[in-house]
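This report looks at how two chains meet and at how cysteines are paired. Please keep the sequence and the structure in view while reading.

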Amino acid sequence: MVIKKIRFNKRAQLSLFVILGILVIIIVIIFFTNKESLKIWFGKESPLEYINRCTKDYANEGLEMLKMQGGSINPENYYMYQNYKVGYVCYTSEIYKRCVMQKPFLKEDFEVELKKFLTPRIEECLKKSEEIYGKKGYSFSYKKPDVNVSINFNNILIKSNLDMVIDKDGKKENYKDLNVNIDSGLYELLMIESSIANWEARYGDSESMVYMYYYPNLKVEKKIQSDGTRIYILTNRKTNEKLMFASKSVVFPPGVTGS
Amino acid sequence: MEEKIKEKKFKKILIFIISIYLIVYSVSAEITWPAFNVCCEKTKNGAWCQNTPEENCDLSINPLTKAPYRKTPASCDATSFCKMGCCVDTSEGLCMENTPQKVCELYAGTWFDDNQCNIQQCKLGCCILGDQASFVTLTRCKKLSSIYGLETNFRKDITSESACIALANAQDKGACVYELDGERTCKFTTRGECLNAKKSANITKEPEFFKDYLCSADELGTNCGPTTETMCVEGKDEVYFKDTCGNPANIYDANRIYSKDPGYWKKVVPKSQSCGFNNKDGNINSKNCGNCNYLQGSLCGKGSASYGDNICKDLNCYNTQNGKNYKNGESWCEYQGEVGNGNDLVGSRHFRHICINGEEIIEPCADYRNEVCYESKIAGTDFTEAACRVNRWKDCIDQFNEKDCLNSDKRDCFWLNGSHYDGSASNVNKNTNTSSNPEKADTSQTENRGILNGGGICLPNYPPGLKFWEGSEAKAICSLGNSRQVIHYELNIFGGKKCKENCEVYSIEWVKKLNRICSSLGDCGIKSNLVGKSTDDGVVVKVNGTVISGIMEKIKESSNK
């Protein structure tokens, strides 16, 4: 009787270890598997939600680059600062001269650059969604997306015109546009950037305190570099949103004795 | 008589003339700066409309015009494509100054031939936005009004920003009572906004405006009542009570909640008659009073109060990098070592620190001490203000009297007694230089050159930083500290020599004095750098063309002290 009990206990223990082992394997698989696929397979994310999320992720990536590089994805005329190519909004290569405005339409520049960045990536999102959801019985039809970006007072609106039709089991859903909305205070930061650029063009410098006094939620950092370039970092204290740009105006070279 | 003449001649022959040269980078070099002789439509580094050397021009094909980017052997201002002007963004109402025509047209902007934007389209006026105001152009005002959903109210007769702000503050404010879907409700706003409300909302009855009344006033009979909640209002410093409709009431005062003082919820009480108005600390962190004052270092923000969750947040800075406390808005200078009187260290620069919103922000002044930091206290207060401004060192050496030298309206120099400069390396009229040392204006100056003994010399108060490791500029500046001295010796008949004239320059003190002058001229001479290191090659002492060694160590010791 005693022997039987021991045998039973041993069996129970073994089963417990097997179950535990299986659980560990499942956890490891979940850990190493692409979270995106898990969301799709186990979650309730629709194809449209997937495309929206994908677009939003790319938009955030593009915006981050634009914000740190003075509004260009690949700036030509830039200053290298903390591994960022910070584009000049106002620039002169001469000494003692006021800068020449390089980007008078900062908001438009941002919109155009973000559009350029997003267009191929939205197509990529669409292709990916076809791949993933095709396996689940969805079929897609759409035209080449016509992306439109607009930076508004409190948000950034990305509108992709693609006349998309999603079909599953004969059930069709039509989407003329795909709208992605990103909450952002970029508009205000861009307006302040324009104002600083105007100061630089008129006086050869700007006074950061003035802006911080007028806008208590704004932080303006001005970092003068050895060649006279000024790196401006605007930060919204509430949202921590940052915008960085460069300006080079009224430069005094080291040790030039001539006047 | 003849014998006496012979003796004199003999003595003259016996006089050895030993020349001592103290040379500090004695190569006198011509300063060259690249000739900005061509206007490039676009440069190779992507900049638009730059006056630059020809080789920097981008001559590739412009994708828009299908023609190469242009270049003209003239200043950009003289060209048609790169003329500077004002670029107007008609959609945002912004006017961008000093913009090349080409760049403006690239963005489909409207370009005007006035680079400071003194044009009708860019004329500023007062844009009233509810109880706020902005000093902007008419187009910008329209844009802002549309953003905030308000009617455009642009006052072009207001010509200053301060008058504009005053106008916004002087607007009638009060309770705007109206019926929304049959319910009598209220919004605390300006008269103008109230009377325009009908056009913009589903309002069933003409709105009525009650100047200086709060929406919580019982006699108005609205659905808005008092609460013990508080709120921060955009553009205002103070913490306000909030009514049940979400409108701001009077400034938060824990002793005047509705149950204690119903009268406080009827009409607007001015800031000056609210709690803690005379507290010079701006009621920082007060649990009972929300009368914050931004200029005194407090602003409405989240925090624990007796009622509600807003307090007057402290915006001052404590225990800053120099260990001191500063008020919000104060700025001060920080240096990396000794400054002024030519003592700035090699590689050092000046910094401006700012205390704003409780944070210490560091702004470097221009490198190479092209800018210096100045600070002063506002008269009658303990409030410090600092600024980086241009270091005016360039004409110090050409000032030959103390008064001109110390004229702080024109330059940043200091006066050093004991030696003077003969102007030999400057472009100034050399006849004027004797004023610094009239007693030395004799024949000896023809054989002695550069820095001479006696009198006084004008030197940069903040020596400019120099790129002494490249180019010729540093050499040109440092060579102003060169000194060629001739010492006259007399030989006696036994062959011994005795110094007869200009003897004092053959001493370590004289070399030290010259090193002091050199190090004040810029990053010249033997001088410690930011990390306390100094080099040997800043000073060369030669006697009859032979370099004297050993002297450097003594100077280094004294310069490091």
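## Salt bridges and polar contacts

A salt bridge is taken here as a side-chain nitrogen of Lys or Arg within 4 Å of a carboxyl oxygen of Asp or Glu. By that rule, in what is a predicted model, the interface of chain B and chain A holds 6 salt bridges. One of the charged pairs that meet the rule is formed by the side chains of A:R202 and B:E97, with a nitrogen-to-oxygen distance of 2.9 Å. Polar contacts between chain B and chain A, counted where both residues have pLDDT 80 or more, come to 25 residue pairs.

## The interface between chain B and chain A

In the contact between the chains, 67 residues of chain B touch 50 residues of chain A. The area buried between chain B and chain A is about 5,100 Å², and carbon and sulfur atoms account for 53% of that area. On the chain B side, B:M96, B:E97 and B:Y107 supply 12% of the area that chain B buries against chain A, more than any other three residues.

Which elements give two or more residues to the side of chain B that touches chain A? They are the strands β3, β5, β6, β20 and β21 together with the helices α3, α4 and α9 of chain B. Of these, β6(B) (94-100) gives the most, with 7 residues. By residue class, this side of chain B divides into 34 nonpolar, 17 polar and 16 charged residues.

## Disulfides of chain B

Over all chains the count of disulfides is 23. Two of the disulfides involve strand β5 of chain B: B:C86 in that strand is joined to B:C117 in the loop between β7 and β8, 31 residues apart, while B:C87, also in β5, pairs with B:C104 in helix α2, so parts that are 17 residues apart in sequence are tied together. The sulfur atoms are 2.1 Å apart in the pair B:C86 and B:C117, and likewise 2.1 Å apart in B:C87 and B:C104. Because the S-S torsion is about 100 degrees for B:C86 and B:C117, that disulfide is right-handed, and the torsion of about 80 degrees makes the disulfide of B:C87 and B:C104 right-handed as well.

A disulfide also joins B:C365 to B:C388, with an S to S distance of 2.0 Å, and its torsion is about -75 degrees, so the disulfide is left-handed.

## An unpaired cysteine

Why is B:C518 without a bond to B:C524? The sulfur of B:C524 is the closest cysteine sulfur, yet at 6.4 Å from B:C518 it is too far for a bond, since a disulfide requires sulfur atoms within 2.5 Å. B:C518 has 0% relative accessibility and therefore counts as buried.

Key
Residues numbered from 1 in each chain as written. Chains lettered and ligands numbered in written order. Predicted model: local features only at pLDDT ≥ 70, side-chain atom pairs only at ≥ 80, totals over all residues. Heavy atoms only, no water. Contact = heavy atoms within 4.5 Å. Buried area = accessible area lost by both parts, 1.4 Å probe. Polar contact = N/O pair within 3.5 Å; in protein donor to acceptor, adjacent residues only side chain to side chain. Helix = DSSP H or I, 4+ residues; strand = E, 2+ residues; numbered from the N terminus. Nonpolar A, V, L, I, M, F, W, Y, C, P; charged D, E, K, R; others polar. Buried < 20%, exposed > 50% of the residue type's maximum accessible area, 1.4 Å probe, protein only.
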